[in-house]
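Here is a walk through one model, going from its overall outline down to a single strand pair. Have the sequence and the coordinates open while you read.

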Amino acid sequence: MNGTLRKYFAVFFKEAIDNLRDRRTLLTVLVFGPLFGPLFYTVMMQTVINRQVADLDQSYTVAVRGLDFAPGLMQYLDQHNLKVEAAPLDARDEVKTGKLDVVLVIPPGYASAFAAGQPADVQLLFDKSRESAGKNVDRVRDALEGYSQGVGALRLLARGVDPRAAVPIVVESEDISTPQSRAVLLLGMMPYFLLFAAILGAFYLAIDSTAGERERGSLEPLLTTAVPRSTLVLGKLSAVTLFSAVSLSIDIIALLWCQHLIPAAKVGISVDFTPANAFATLLVCLPFCLFIAGLLSVVASFTKSYKEAQTWLSFIMILPMVPVLGMVMFPMEPAWWMMLLPSMSQDVLVTELIKGEPLKPLFVSLSVLSTLILGGGLSGLAVWLYRREQILG
Amino acid sequence: MIEVINLKKGFGSVQAVQGVSFTARDGRITGLLGPNGAGKSTTLRIISTVLKPGSGNVKVDGIDVVTDSNSARLGLGVLPHQSGLYPRLTARENIRYYGELNGVSGAALTRRIDELLELLEIGEFADRAAKGFSQGQKIKVALARAMVHSPRNLVLDEPTNGLDVMATRALRALIRKLKDAGHCVLFSSHVMQEVAALCDGIVIIAEGRIVAQGSPDELRRQTGESDLEEAFVKLCGAEGAA
């Protein structure tokens, strides 16, 4: 092994071993960074899906005022899994305070209007600002409309009119999404978690090996050793990249495992993130590890202390999230220009992988190349910063 | 041998070093003496290649520190103002890292580390993390680290700072040992007694300029003072020495 290469590995292993002994860095790289997102998300999705599915099976008891005026309707509701009970007198207040989701009011004139074949008024009391009530309101409304249409059709038949005459247009909706492509609804947050893990994995080591080194006073003697600055910086950057990649890998493995814990089939979604796709995801995201290592190291070289670096880097951590969140708010079709932006390109490509769609080779090469070129540029900038005497602060 | 030739260095509008020239020879202990802020550390940092001179030149064993920094570094062992050990690495690992960075490796490195552990009496705490070291222990390890590649020249920035009497005596004995082994030792201090007790040659620096240089006897003769401390005060100006 030649001398420079040996020095490169000396720096690389020293940074890796030194930081493996730091409990905070270790926990961040192995636990908080990679596991928080997938676990939190899995638990959340489990809760949401299980509640939705359970609700539709369960009967709901709807409070009705004046239930004696409409025995036919009451029977219909009961047949459609909606129990009825007499509403309390202060029904309006109960809805306001959220004790009742919805109250059905049948006025005394209902029976006579119904019997005369006139439109009979009923009232629904609900609070639209309470989102959790929405589902039950819709159930009651759907049941009322069903009853109304059924009775209407019977009336037309009784008058010798084909009820279909009252239905001039039938809208047929066909959802052409596949169970797998719908997985993106569930796993849309995944690219975000991946990039977050990659950033957090790099975070402490990037600070420790630059601003931390300066603050401890170990940078000055380090710079008196016979190591070319480029070798020194590249050794450090490699260690930061490795930590970022380890965190990313753990996150991918966690997602691979967590997907089976989400009861996606219950809502007609098939999550099929295969090991092959997981491996492709890792390869697509690896260049981002180098990029973020370069970015964090350059910023940490500017700052005077560990604390200052931490402040700046917390802000920098948000920047790569901007394109990801942008895609959530303004969904766009994948386009080639997106491949030029690190974090956005990885977000787009990983989303395609989750949908189970094949990746376009042009997109992948553009993403890998642009991210690597920018990462290389930042590494060069870091080397340049280390060559200036101002690096000592 | 370290040759400093008309060295100048400014930071913004402040001229920290304004034309310093001296030579520290092999087999001799040279003391750079001066009040705080006189430009001692800046001079030593330029010699140890972490700062670039504004103008002038430094040669280590004839090698230019600016144009051929890496070769010059191989001939230099530097003990900076702060020991700057890695707290999570052991003493041995700290020393080993610098050995590897300076191109020593394998069995030769292991042998050299054992030698230094013995010379500096580090053995007892060689495999403990540096985090809990006393000031004396830190200096010893930092010194071993500076010497791991067997440099001919040693640059020590206020090495006795924060050391107790016993540790100071041990360090002085070690510096004498290095001198006897033919090393060129250059160290800075703002304590007259220390320089007087150790040095073969003294360079007195104040406000970025050299105000006197020579052996202790020559300095006494030059100022007409029998006490070196008086000579120092006279040379620096009463205010500078305060």
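What follows covers the outline of chain A, its contact with chain B, the nonpolar cores and one pair of strands.

## Overall outline

One thing up front: this is a predicted model. Chain A is built with 15 helices alongside four strands.

How does the radius of gyration of chain A sit against that of a compact globule of 393 residues? The globule would come out near 21 Å, but chain A has 31 Å. The spans of its C-alpha trace along the principal axes tell you more about the outline: about 100 × 45 × 30 Å.

On the inside, 36% of the 393 residues of chain A count as buried. Take the contacts in chain A with a separation of 6 or more, and 77% of them are between residues 24 or more positions apart.

## Where chain A touches chain B

How many residues does each chain bring to the contact? Chain A puts in 21 and chain B puts in 24. On the chain A side, the elements giving two or more residues are α1 (3–20) and α9 (219–223). The top contributor there is α1(A), with six residues.

As for chemistry, the chain A side splits into nine charged, seven nonpolar and five polar residues.

## The nonpolar cores

The largest nonpolar core holds 143 residues. Which of them touch the most other members? They are A:L194, A:A198, A:A202, A:C289, A:I292, A:L296 and, from the other chain, B:I204. Helix α8 of chain A (residues 190–216) supplies the largest share of this core, 17 residues.

A:I292 is a handy one to click on. Leaving out residues up to four places away in sequence, A:I292 touches A:A198, A:I199, A:A202 and A:S244. Apart from the largest core there's another, of 17 residues, and its members include A:V64, A:L77, A:L104 and A:I106.

## A strand pair in chain B

Now have a look at strand β6 of chain B, residues 76–79. Which way do its residues point? B:L76 and B:V78 go one way while B:G77 and B:L79 go the other, and all are buried. That's the textbook pattern, because side chains in a regular strand alternate between the two faces of the sheet.

The partner is strand β7 of chain B (residues 153–157), which runs parallel to β6(B) and is joined to it by four bridges. If you want one bridge to find on screen, B:L79 has B:L156 in β7(B) as its bridge partner.

Notes:
Residues numbered from 1 in each chain as written. Chains lettered and ligands numbered in written order. Predicted model: local features only at pLDDT ≥ 70, side-chain atom pairs only at ≥ 80, totals over all residues. Rg over C-alpha atoms; globule rule 2.2 N^0.38 Å. Buried ≥ 20, exposed ≤ 12 C-beta atoms within 10 Å, placed from the backbone. Contact = placed C-beta atoms within 7 Å. Nonpolar A, V, L, I, M, F, W, Y, C, P; charged D, E, K, R; others polar. Core = buried A, V, L, I, M, F, W, Y, C linked by C-beta atoms within 7 Å. Pairing = 2+ DSSP bridges.
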